[in-house]
Amino acid sequence: MLKKIIIFVCLILGLSIFCCGIFCAKESNKTILQFASWGSESEIGILKPILADFENENPDVKIDFMHIPQNYFQKIHLLFASNTAPDVIFINNQYLPIYANSGVLEDLTKHVSQDELDNYYKASLASLSWKGELYAIPRDVSNLVIFYNKDLFDKYKISYPHSGWTYEEFLDTVKKLTHLPEVFGISFEEEPLFYLPYLTGYGGWTMDDTLNFFNSDVLKKDNNAQGLSFYADLRNKYHVAPKKEESASATMAQLFLQGRLGMHLSGRWLVPKYRQEAKFDWDVVEFPRVDKNSKSIVPLDASGWAISKSSIHKQEAIKLIKYLSSKSSSEKFTQSGLIVPARVDVGNSEYFLDNKKPQNAKVFLKVAQTSDPTPVTVNYREILDSLKSRTEYIFNK
C-alpha cells in the first residue's frame, strides 16, 4: 500500500513539474513589464481589470503589478537607487521634479503626438513637465473647490454662493453661517495645500517664491502676507473656523458630515464619501476671488504615468501608458466619482457629468481650465515642511 502511495505521489509531482515547465516556457516568451502604483482598494479594483484587458490585447506582454499602498515614494526612491526601478510608474507632480531632474525618467515628448496632447487640460501637461519636457501622461487633475451644506444655508436663510463671488462676499457668508458652538462657517486646515489658494488669490505664491523660499522671507511679501493674514483671521479674529481644540480629533470632512461646517474647502476625492454618507443636500462652488477685477486662481496638481529611463522594454511601456491614459480607461477611472479626469473629452462626458451630486460638477472642469500648476521645485517637500513649521504660530495665536 505504501509503495502504491509513493508511486502515486511521484506521478503527481512529475505531472506538476511537466505542467510547470510548459507554463514557464509560455511565460518566458512574454515581455514582463513591471508597473508600480499606489491606490485604495476601490482604485486598485478599477486598475486591475484595465491591466488584464491590456494583457488580453497584447498577449506577448505580462504585467508584474507592484501595488505599494503606503510609503510609496520612499520605496520608489529605493528602487531607483538600487537600479531596480519599475518600467512604468504612477507619479504625481510634486515628486516628478526630483526624478526628472535626476535623469531617471524617460522624456515622453518624442513618444506622444500633438494630437494626443490636445486631449488634455494644458495645466495638467504643464504640471507633469520639467524644463519644458513632458515626463508623464496625465490621468487626473486635483484642484480645490468649496463644498457647502445647502440645508444650513436654507436654515439660516442665506443665499447660496455663486460663481465670481469675492472675498468680501465669502467672509460675509461664513459669518452668517457661524452659530457657535454648533456650526462654523468654513473649514480650517494647516497643511499648505488648503491655504495656498488664499495666497494665490492675492497674486502670491508663484514659482519665484518657491525658487527663492530659502533665500528671502517669502512669507512677508505683500501678496503672501495678505493671504496668510486673511486665512488666519478666519480662525483667530472672526472665529468662523474651528481652532484645534474645537475640532479635537475630528477631520474637516467629519465635521462637514456632522453638519458642523457650513462650507469645506477640499477636492474631488471627497465626492464618493459625501455621496454615500451626507444626510443633507450639498453642492460645490469655485473658490472666491479677491475682488470683481481679479481672478480665482487655485493651484492645480496632477498624477500620471511615467516610464523609467532605464527600462529595457520602452516600446511595451509606451503601449501601456497610452492604454492607461486612453479615453476608455479614463472613463473607467472617472465613473467612481473619485477623480477629475485630465482628458477634456472625458471631463465633458456623462462619465463625469453623471447627474449625481454635486449638481454643479462643472465647477471642477472650470477650475481645471483656470488653474495654474502648483509651482513645484526639486526641494518642494522641504519647502512644505518649512511652511508648516513657520505658519503654525500664525494660525494658533
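Hi everyone, a quick bit of vocabulary to begin: Ala, Val, Leu, Ile, Met, Phe, Trp, Tyr, Cys and Pro count as nonpolar, Asp, Glu, Lys and Arg as charged, and the others, Gly among them, as polar. What we have here is a predicted model, where local features need pLDDT of at least 70, side-chain atom pairs count only at pLDDT 80 or more, and totals for chains, interfaces and linings use all residues. Residues are numbered from 1 along each chain as its sequence is written, and side-chain values use heavy atoms, with hydrogens and water left out.

Let's start with the cavities. On a 1 Å grid over the protein atoms alone, a cavity is a set of points where a 1.4 Å probe fits but cannot get out, and its lining residues have an atom within 4 Å of a point. Points are joined across faces, edges and corners, and a volume is the space filled by probe spheres set on them.

How many cavities of 30 Å³ or more does a search of the whole structure find? Two. The largest has a volume of about 40 Å³. Its lining includes Trp38, Phe90, Arg139 and Trp305, and by class it has six nonpolar, one polar and two charged residues. Helix H2 (residues 41-57) gives the largest share of that lining, three residues; helices here are DSSP runs of H or I, at least four residues, and strands are runs of E, at least two, numbered from the N terminus.

The second largest cavity holds about 30 Å³ of space. Among the residues lining that one are Ser187, Glu189 and Tyr231, and the classes are five nonpolar, one polar and one charged. Thanks for listening!

Terms used: 1 Å grid on protein atoms, 1.4 Å probe; cavity = no way out; pocket = protein on both sides within 12 Å on 5 of 7 lines; lining within 4 Å.
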